[in-house]
There are 2 protein chains.
Amino acid sequence: MISRLSLNQWTTRNWSLEEAVAGCVRHGIPAIGVWREQLHECGLERAVKLLADSGLRVSSLCRGGFLTAGGEEALAGNRRAIDEAAALGAPCLVMVVGGLPGVPPGGAPGPGFSRSLAGARERVAEALAELAPYAGERGVRLALEPLHPMYCADRAVLSTLAQALDLAEAHPVEQVGVVVDTFHVWWDPRLPEQIARAGARIASYQVCDWLQPLPADVLLGRGMMGDGVIDFPPITAAVAAAGYTGDIEVEIFNADIWAADPDEVLATMKRRFAATVV
Amino acid sequence: MISRLSLNQWTTRNWSLEEAVAGCVRHGIPAIGVWREQLHECGLERAVKLLADSGLRVSSLCRGGFLTAGGEEALAGNRRAIDEAAALGAPCLVMVVGGLPGVPPGGAPGPGFSRSLAGARERVAEALAELAPYAGERGVRLALEPLHPMYCADRAVLSTLAQALDLAEAHPVEQVGVVVDTFHVWWDPRLPEQIARAGARIASYQVCDWLQPLPADVLLGRGMMGDGVIDFPPITAAVAAAGYTGDIEVEIFNADIWAADPDEVLATMKRRFAATVV
């Protein structure tokens, strides 16, 4: 089902948006998950035209979030991200909620550090209550992404699908959904039941493999499907049974893949997607 | 409450059992968690006498498990471990259940590899049904240790306290309990409710900190309490409220700590334990 395959732009992060769009068209990949870094380099107006002309679907905008320190600045940044998602016609804005306050992604605790995990989670719920109606008014869904628990301290205090659903269900289904990313949730003993529970809350299904052993930088432990240990078919089947019919993004953070020829990566991605995921 | 402090032997892994026992006595630490590696070096009979003469309590024997590949060999090894725990008067044998079949700890998938996580979990339940009565007859409790989900592939498909309790509750409380290890469970949004649920199932409470960022070898991301991001008091309070009054083991896997003077480590451990844990 290449018809549902989407290239998440971080998989080819050295490509500009223009290059990634051209690559998708060249390889017959019908959708793209856009990252804000490359979007800003391209410029929003140009990007809107580029994507419309390409005929590609935009499956998501990555990413908003980093809400755990509280404050108006984070909210303002997320409102800008929602506006961008609306302009692109992206159905959802992927939200990585942030780790403990004062812990930068990949870094050590610094100014503003707090050990209060419960407090950080409370800040996320509060910020979501501010942002969800704003997103809803613009036709954008906030897609809460539970991250693997090994990123709890520095990237996301949202650690399981169940926890994401607990948060999402406080809001209308068209305003707040969840992301099912195989790398982050494959280990979860409650995964089948929670995917079923998610149902129409599933805003995005992202796939990549879990490399074993992990590389030294655990952020880069994501691998091409088939190179790791994840058994994709039961997860894909559960997501389908829950009613999700949207695009399936391949999002891989991996130094070797970033160093490779992106056209080779896309060719491999298409082949592996068909062989292992669907 | 130094009266409940126990030195898990892996914290001073370069010490022999004789040295660790002498160290505990010298520093007024009243209990020790014994590892089988050093136990075998010492010899069981000598170890029994050494520990009895020392007056130390044995808080646990580490460790049994690695049951996911199935087979009689793993069961036989675990029966030997149970016998050793009984001989030492250890109240529990800590069980690290094993990762996906064919994935060695810290290694890459090899012969016998299977991606079936559900199957691996089923093997654990089956093995437990074999071992629990054997342990019960010898007065030893199997203590199921949920490991952090980042070890799911290679060390333990048992990833949360809830999952451990689901397994344990199929057996009498005196035969199968659970370990609460702060490093493995601190991130879990269900932790307070699951510690309360555990109640008398808590067989061991182990503490160490989560270092941020993790070192290149994620096995060694355990730190001295206070050096990382974990907020211990709420967890300690929950464990106490659940009724656990046993020893509290400090178990740290950390290259710097292993390279340090063990007497310095014990002095720091006592100080930090009093300041951050209880």
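**A buried arginine, an interface and paired rings**

At 15% relative accessibility, Arg36(A) counts as buried, because the cut-off for that class is under 20%. This value, like the others below, was computed from a predicted model. Arg36(A) belongs to helix α2 of chain A, which covers residues 36-42. Some of its contacts come from further along the chain. With neighbours within four places in sequence set aside, Arg36(A) touches Leu61(A), Cys62(A) and Arg63(A). Arg36(A) also touches Gly77(A), Arg80(A), Ala81(A) and Glu84(A). Pro149(A) is not in that list of contacts. The C-alpha atoms of Arg36(A) and Pro149(A) are separated by 25 Å. Along the chain, these two residues are 113 residues apart.

The interface between the two chains was examined next. The size of an interface is often given as the accessible area lost when the parts come together. Chain A and chain B bury about 2,700 Å² between them. Carbon and sulfur atoms account for 65% of that area. Three residues, Arg115(A), Trp187(A) and Gln212(A), supply 23% of the area that chain A buries against chain B. No other three residues supply more. Chain A brings 36 residues to the contact, and chain B brings 36 residues.

Polar and charged features of the interface were also counted. The rule finds 0 salt bridges across the interface of chain A and chain B. Polar contacts are present, with 11 residue pairs counted between the chains, both residues at pLDDT 80 or more. On the side of chain A that touches chain B, 21 residues are nonpolar, 9 are polar and 6 are charged.

Aromatic rings form a further set of contacts. Over all chains, the count comes to 13 aromatic pairs. In one of them, the ring centres of Trp35(B) and Phe253(B) are 6.1 Å apart. Their planes meet at 70°, so the pair is edge-to-face. This pair links distant parts of the chain, 218 residues apart. Trp35(B) sits in strand β2 (residues 31-35), and Phe253(B) in the loop between β10 (248-250) and α10 (255-259). Both Trp35(B) and Phe253(B) are buried.

A second pair joins Trp186(B) and Trp210(B). The ring centres of Trp186(B) and Trp210(B) are 5.9 Å apart, with planes at 50°, so the pair is tilted. Trp186(B) lies in the loop between α7 (182-185) and α8 (191-198) of chain B, and Trp210(B) in strand β8 (residues 209-210), so the pair ties together parts 24 residues apart in sequence. Both Trp186(B) and Trp210(B) are buried. In chain A, ring pairs link Trp10(A), Trp35(A), Phe253(A) and Trp258(A) into a cluster.

Key: Residues are numbered from 1 along each chain as its sequence is written. Chains are lettered from A and ligands numbered from 1 in the order in which they are written. This is a predicted model: local features need pLDDT of at least 70, side-chain atom pairs count only at pLDDT 80 or more; totals for chains, interfaces and linings use all residues. Side-chain values use heavy atoms; hydrogens and water are left out. Contact means heavy atoms within 4.5 Å. Buried area is the accessible area (1.4 Å probe) that two parts lose on being put together, summed over both. A salt bridge is a side-chain nitrogen of Lys or Arg within 4 Å of a carboxyl oxygen of Asp or Glu. A polar contact is a pair of N or O atoms within 3.5 Å; within protein, one must be able to donate a hydrogen and the other to accept it, and residues adjacent in sequence count only if both atoms are side-chain atoms. Ala, Val, Leu, Ile, Met, Phe, Trp, Tyr, Cys and Pro count as nonpolar, Asp, Glu, Lys and Arg as charged, and the others, Gly among them, as polar. Rings of Phe, Tyr and Trp (its six-membered ring) pair if their centres lie within 6.5 Å; planes under 30 degrees apart count as stacked, over 60 as edge-to-face and the rest as tilted. Helices (H or I, at least four residues) and strands (E, at least two) are DSSP runs, numbered from the N terminus. Buried means under 20% relative accessible area, exposed over 50%, partly exposed in between (1.4 Å probe, protein chains only).
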